[in-house]
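Work through the exercises below with the structure open. Try each task before reading its solution.

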Amino acid sequence: MILYGYFRSSAVWRCRIAFNLKGIQPKPAFVHLRRDGGEQKKAAYRALNPQALVPALELDDGTVLTQSMAIIEWLDETRPEPPLLPPDPTGRALVRGFADAIACDIHPLQNLRILTYLKKELGQQQEGLDAWCRRWLGDGLAACEALAVRHGRGTRFSFGDMPGLADICLVPQMASADRFGVDTTPMPRLREIAAACAELRAFADAVPARQPDAEA
Ligand SMILES: N[C@@H](CCC(=O)N[C@@H](CS)C(=O)NCC(=O)O)C(=O)O
């Protein structure tokens, strides 16, 4: 299995955590999102993922999976232990609701191609881009804080005492919040969960700075 990614990508970071939790190490392949206009946009990578986004996961039979959430759910279905989702449909819907609030509604607004468009096509300056990111990260994570308080108070992780899909999505997004200067002090529950995750090797080994393609 080959996981195509980039050290800073939140979506790839999610996959790295999930693979680590399962104790599986796919072979990494590095797609530099900024070098040479973006390697993700080159024909060679588009042949793998026509969306020109990382991650992509190439299976041993040549099948290429795209989209981090689809990859993680495929992993969970094919290697069920330890489970990343609860056993019951309602529990799964709650976890997916939290995870999708991040993966579908927060993360896409800070994507490189969106920020590049705001800058190059719409003429926004860096402060405008930073304000944009802070706004959508702050609003989105405030909603996640409310969901986390509602569903997981007293538990170590977002939805229980085992880490799962919600935590996998949360941790990279909290790091983005820090990077863009979002004040997360009004989100104590999310900070508590992120701190609990950071204690686990699966999460610690997945941080961008520890990846072979990491840059300062
Ligand atoms: N919904 C996709 C998002 C993937 C995505 O946005 N990847 C970013 C990095 S986090 C990317 O490849 N950006 C390249 C670009 O914007 O040109 C997923 O979860 O896999």
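**Exercise 1. One helix, two sides**

The buried residues of H3 pack against H1, S3, strand S4 (64–66), H4 and H7. The model is predicted.

Task: Find which residues of H3 are buried and which are exposed, and place them around the axis.

Solution.
- Step 1. Pick out the buried residues of H3: Ser-68, Met-69, Ile-71, Ile-72 and Leu-75.
- Step 2. Look at their spread around the axis. They cover an arc of only 160°, so they sit on the same side of H3.
- Step 3. Turn to the other side of H3. Ala-70, Glu-77 and Thr-78 are exposed there.

**Exercise 2. The same test on H8**

Task: Identify the buried residues of H8 and the elements they pack against.

Solution.
- Step 1. Leu-190, Ile-193, Ala-194 and Cys-197 are buried in H8.
- Step 2. Seen down the axis, the buried residues of H8 fall within an arc of 100°, so they line one face of the helix.
- Step 3. Pro-188 and Ala-195 are exposed, on the face of H8 turned away from its buried side.
- Step 4. The packing partners of the buried residues are H6, H7 and helix H9 (201–204).
- Step 5. Zoom in on Leu-190. Beyond its neighbours within four places in sequence, Leu-190 contacts Leu-141, Cys-144, Glu-145, Ala-148, Leu-170, Met-174 and Thr-184.

**Exercise 3. Two domains and a core**

Task: Describe how domain 1 meets domain 2, then locate the largest nonpolar core.

Solution.
- Step 1. Set the bounds. The domain assignment gives domain 1 (2–81) and domain 2 (89–203).
- Step 2. Take the centres over C-alpha atoms. They are 20 Å apart.
- Step 3. Count the contact residues: 12 from domain 1 and 13 from domain 2.
- Step 4. Find the elements on the domain 1 side. Helix H1 (10–22) and helix H3 (68–78) each supply at least two residues. H1 gives the largest share, 8 residues.
- Step 5. Sort the domain 1 side by class. It has 8 nonpolar, 3 polar and 1 charged residues.
- Step 6. Go to the largest nonpolar core, which has 56 residues. Ala-18, Ile-72, Leu-165, Leu-170 and Leu-190 touch the most other members.
- Step 7. List suppliers of at least two core residues. Among them are strand S1 (2–5), H1, H3, helix H6 (126–152) and helix H8 (188–198).
- Step 8. Place the core. Both domains give residues to this core, so it lies between them.

**Exercise 4. The ligand shell**

Task: Work out which residues and domains surround the ligand.

Solution.
- Step 1. The shell holds 16 residues. Closest are Ser-9, Leu-53, Ser-68, Leu-112 and Arg-113.
- Step 2. H1, H3 and helix H5 (112–121) each supply at least two shell residues.
- Step 3. By class, the shell divides into 8 nonpolar, 7 polar and 1 charged.
- Step 4. Each of domain 1 and domain 2 gives the shell at least three residues.

**Exercise 5. Buried residues far apart in sequence from their partners**

Task: Decide whether Tyr-4 and Gln-40 are buried or exposed, and list what they touch.

Solution.
- Step 1. Tyr-4 lies in strand S1. Tyr-4 has 25 C-beta neighbours inside 10 Å, so it counts as buried.
- Step 2. Outside four places in sequence, Tyr-4 contacts Ala-29, Val-31, Leu-48, Val-54, Pro-55 and Ala-56.
- Step 3. Gln-40 sits in the loop between strand S2 (27–30) and helix H2 (43–46). Its 23 C-beta neighbours inside 10 Å make Gln-40 buried.
- Step 4. Gln-40 touches Val-31, Leu-33, Tyr-45, Ala-52, Leu-53 and Val-54, again not counting residues up to four places away.

**Exercise 6. Backbone checks**

Task: Which peptide bonds are cis, and which non-glycine residues have positive phi?

Solution.
- Step 1. Val-54 and Pro-55 are joined by a cis bond, with omega about 10°. Pro-55 is in the loop between H2 and S3.
- Step 2. The bond from Glu-81 to Pro-82 is cis, with omega near -15°. Pro-82 falls in the loop between H3 and H4.
- Step 3. Ala-52 has phi near 55°. Gln-67 has phi near 75°.
- Step 4. Ala-52 has 16 C-beta neighbours inside 10 Å, so it counts as partly exposed. Gln-67, with 17 other C-beta atoms within 10 Å, is partly exposed.

How values were computed
Residues numbered from 1 in each chain as written. Predicted model: local features only at pLDDT ≥ 70, side-chain atom pairs only at ≥ 80, totals over all residues. Domains from an automatic or database assignment. Helix = DSSP H or I, 4+ residues; strand = E, 2+ residues; numbered from the N terminus. Nonpolar A, V, L, I, M, F, W, Y, C, P; charged D, E, K, R; others polar. Core = buried A, V, L, I, M, F, W, Y, C linked by C-beta atoms within 7 Å. Buried ≥ 20, exposed ≤ 12 C-beta atoms within 10 Å, placed from the backbone. Contact = placed C-beta atoms within 7 Å. Near = placed C-beta within 6 Å. Arc of directions from axis to C-beta.
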